[in-house]
Amino acid sequence: MSRDQVFPVIIVGGGGCGLSMSSFLSDYGVDHILFDCKVEASALPKAHYLNQRTMETFRLHYMHKEIQKRSCPPNQMSQVAWATSLGGNGHLDRIVIHQLPCFGGGDGDLKAHAYKTDSAARSANLPLCRMEPILRQIAEERNPGRICFGHTVIDFHESDDHVKVTVQDTAGNLSTYRTKYLIGADGGRTIGQKIGVTMQGATGITDMVSVHFGADLSQYWNDTFFACHFINGECGTIFESGAIVPMGPTWGRQSEEWVMHFGFALEDEARHQEDRLISRIRDLLKIPDLEIKVHRISHWIIEKVVADKYHVGRVFLAGDAAHRRPPTTGLGLNTAIEDALNLSWKLAMVLKHNVNTNILDTYDQERRPVGKRNADWGLFTFENSAVINAAIGLVAGQKERNKSRFEAVFEDSLTGRSIQAQIKKMIESQSIEFGAHGIELGFTYEDGLRISDGIEAPEVDHLGQQYFPTTRPAHRLPHAWLVLDDRVVSTHDLVGSKGSFLLLTDDSELEWAAAAERLGFQYKIPIQTARIGDYLRDLTDQWQRVKELEDGGAILVRPDNFIAWRSLGPSKANGQELEVAFAELLGLPPPVIETSMPLSGDLPRGKLVRGRDG
């Protein structure tokens, strides 16, 4: 074997989580290498929904354009429906039982307005089989020659100051590496098990089968549908029916590819029989002569598990290696991307700016509660489908009874209309899956890297529908559109992609900006300064509505656009409150105030000041 190669960070796993982490680390200037045992990108069409928070992150790191370009347009993912069938000529065929807006789609309603107001990014919809090659290309462009597919990590051992990693390529050649930090983004296949992590929670809940197939459904499909669930008297309950989602690459009714999801009892052997699955798709859609080309059939066990710890020593877990949940609400890859962002900027602080390694402990403190919450929410929304089933009143295996029940449901009578109204009410309860705006944007880091200002947490919508913007520490920085040099930018753009902090204040005083500049000189940690006022204008008064600050107040924003500290009003000590808070936050030596140091007072009032990340 050759001499050990040395990298500060090694990532194991080249899926959406690992590839995103690689791009983030490249932006932050952290030398690293990535290994993945597979040779090609994923062929699976899963993990297709990217929520607004993920798209904000990709936008911050200039990774969003190609994904957005190839994504399903918003108007073609604006509704989710429950229907009896797509085809068929019977009097109970082709009936949309009910539909509801999803992911802020639709025009004019309050939820659609909230999605547009609360973020600079829109949700996207692109299956992993087309998204992963984009993420891989970006990662390879930013870290050429070090995105190594066809390389399997077969062993690793941690010492006091490094981790020794053994890697095997497809030809069987072995290489050894040394790294400061090893990241397991491998879906839980090897890394977590070796460091003794236990996945806690419910497993073996049910078996889901996904059939990725090609078919022409253009004469049947409604262009606004993101997905359609089928329940009818012929196919029965959810275990006897399923849901279909278009997969592009052309979107809407012209989609060439589709995925049908079925639920199966674990003891049902039919889930392994391809012919049975194809006939079931035709029966469920009621299109008996539909030409179907199967691309792939995948099986996955529904579970809700979270790692009991996200790191041991120098080894960290992210993505599915740390948490797995039902796919409802689409919280799998989205949670993984946020894991990658959270850990990446903290590694950069340690490796590039000599911040105390204790900052890495906050990765577990912040992300594990979010992982648990998202896993719980995934199961919560998955199980809610039983409420819809109960309202419709179908019983597994009782075909004749179910036919009679459907006749009663759609009967033109007072009773029939009452049943329909109740079913619609129950279907609307599934907005917890398709309109979880508060879940997607409202997660917080109460026990993490932030300094409390003593203000209690704002209200929370326990059904996850509403997001309440706030500048309270531990929360995501609220989005607002600003005008800078005739350009329109978001508050989220101000932090930059290079791993800097942001001091955000107004132009009523200069003490905060001067303190931020002193911090940059003393600690050599990049801090941007932006003063919203005459030069950097609040375009729609959105910032004025959400800032929660008096004139002269200030907030300190982390590189991931989460708020670490704020002062509700002006400084009372020449900005030293910020300096003390910054040192405390990152475990730095106490600040030294040098009054002879040049201040920012000579800069134009309200101007965006580029710090050492400028």
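Me: Hi! Which side chain does Lys304 meet in a salt bridge?
Reply: Happy to help! In this predicted model, Lys304 pairs with Asp376, at 2.9 Å from N to O.

Me: And where do those two sit in the chain?
Reply: Lys304 is in strand β15 and Asp376 is in helix α9, so the salt bridge links distant parts of the chain, 72 residues apart.

Me: Is Lys304 buried or exposed?
Reply: Lys304 is buried, with a relative accessible area of 19%. Asp376, at 27%, is partly exposed.

Me: How many salt bridges are there?
Reply: The count comes to 31. One of them joins Glu56 and Arg476, 2.4 Å from N to O. Glu56 lies in helix α2 and Arg476 in the loop between α14 and β19, so this pair ties together parts that are 420 residues apart in sequence.

Me: Which residues share a network with that pair?
Reply: Salt bridges with shared partners connect Arg53, Glu56, Glu338 and Arg476. Glu56 and Arg476 are both buried.

Me: Switching topic: how many aromatic pairs turn up?
Reply: A search of the whole structure gives 22. Take Tyr310 and Tyr363: their ring centres are 5.8 Å apart and their planes are at 50°, so the pair is tilted. Both of these tyrosines are buried.

Me: What about clusters, which rings form one?
Reply: Tyr49, Trp82, Phe103, Phe226 and Phe434 form one aromatic cluster.

Me: Last one: which ring does the charged end of Arg136 sit over?
Reply: That would be the ring of Phe149, with the charged end 3.7 Å from the ring centre. Arg314 likewise has its charged end over the ring of Tyr181, 5.4 Å from the centre.

Key: Residues numbered from 1 in each chain as written. Predicted model: local features only at pLDDT ≥ 70, side-chain atom pairs only at ≥ 80, totals over all residues. Heavy atoms only, no water. Phe/Tyr/Trp six-rings, centres within 6.5 Å; stacked < 30°, edge-to-face > 60°. Buried < 20%, exposed > 50% of the residue type's maximum accessible area, 1.4 Å probe, protein only. Lys NZ or Arg CZ within 6 Å of the ring centre and 35° of its normal. Salt bridge = Lys/Arg side-chain N within 4 Å of Asp/Glu carboxyl O. Helix = DSSP H or I, 4+ residues; strand = E, 2+ residues; numbered from the N terminus.
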